[in-house]
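Me: Hey, can you walk me through this one? I'm new to reading structures.
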Amino acid sequence: MRRADRLFLIIHALRGRRTALQARQLAGTLGVSLRTVYRDVADLQLSGVPIEGEAGVGYLLRKGSDIPPLMFTADELESLVVGTRFVRAFAGQKLAESAQAALLKIEAVLPPELRERATRTRIYAPIWRDQSKTEFAARIDRLNAAITDSQVLRLDYSDEAGRTSTREVEPLCLAFWGGAWTLGAWCRLRVGFRNFRPDRITGMTITGERFDNVDGRNLEAYLQAMRGYYEGIES
């Protein structure tokens, strides 16, 4: 977590509290050491943030320095919590960490009754990652980064029948279907759009080449092609 994000969370974790918040609790929430919390709070105090208290006692924002809460309904908040849990369970590690940090920021500025509601939602996405799942999460992160940077990838791929091939692709998007991920891409070998299962990618190389947003083979064209394909199946 970036230091700026951490300072933001400390300030908003203190908003609206009537009792002091222990540094140990802050450290546990932020995933940092007590020494880091003490240093961050001291820096905030020096910069003019009206935090009262001290190490061993706890911290409060001075009365009258509160800020307005975010305006979420209970159902909107529950959707955010559930969405974050699913991202943490099924997406790459980078996205999971970002989702958790975003949720912490949201919860930090909620009024107490909504913050309590956030902890009561009973929709879970349990996180269990062995070595293979950890490696798969890292692969999702790499694919997502390649999509963002428009990087051409060379994939060693094994299809459903076990046939292997090497493809150069222009990655366009990732989709999660509840049980499996797919990579939507323009395949240079087949000269058309193809969907690849990340769990069937046996090797992946970033070629160093970047592709352009070309009409007819970009994300918009891919989505239109997929829409037409599925509409044809349904009819």
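Reply: Sure, one term up front: helices (H or I, at least four residues) and strands (E, at least two) are DSSP runs, numbered from the N terminus. Helix 7 is followed by S150, whose phi is positive, near 55°.

Me: Is this from an experiment or predicted, and how are residues numbered?
Reply: This is a predicted model, where local features need pLDDT of at least 70, side-chain atom pairs count only at pLDDT 80 or more, and totals for chains, interfaces and linings use all residues. Residues are numbered from 1 along each chain as its sequence is written, and side-chain values use heavy atoms, with hydrogens and water left out.

Me: How many helices and strands does the protein have?
Reply: There are eight helices and seven strands.

Me: Back to helix 7, what span should its 19 residues have?
Reply: Helix 7 covers residues 131–149 and should span 27 Å, because the rule gives 1.5 Å times one less than its number of residues. Its end C-alpha atoms are 27 Å apart, which agrees.

Me: Which residues of helix 7 are buried?
Reply: A137, I140, D141, L143, A146 and I147. Buried means under 20% relative accessible area, exposed over 50%, and partly exposed in between (1.4 Å probe, protein chains only). Across the protein, buried residues make up 36% of the 235 residues.

Me: New topic: what's the radius of gyration of the protein?
Reply: The protein has 23 Å, whereas a compact globule of 235 residues would be near 18 Å. That radius is taken over C-alpha atoms, and the globule rule is 2.2 Å times the number of residues to the power 0.38.

Me: And what box do the C-alpha atoms fill?
Reply: Roughly 65 × 40 × 35 Å, taken along the principal axes.
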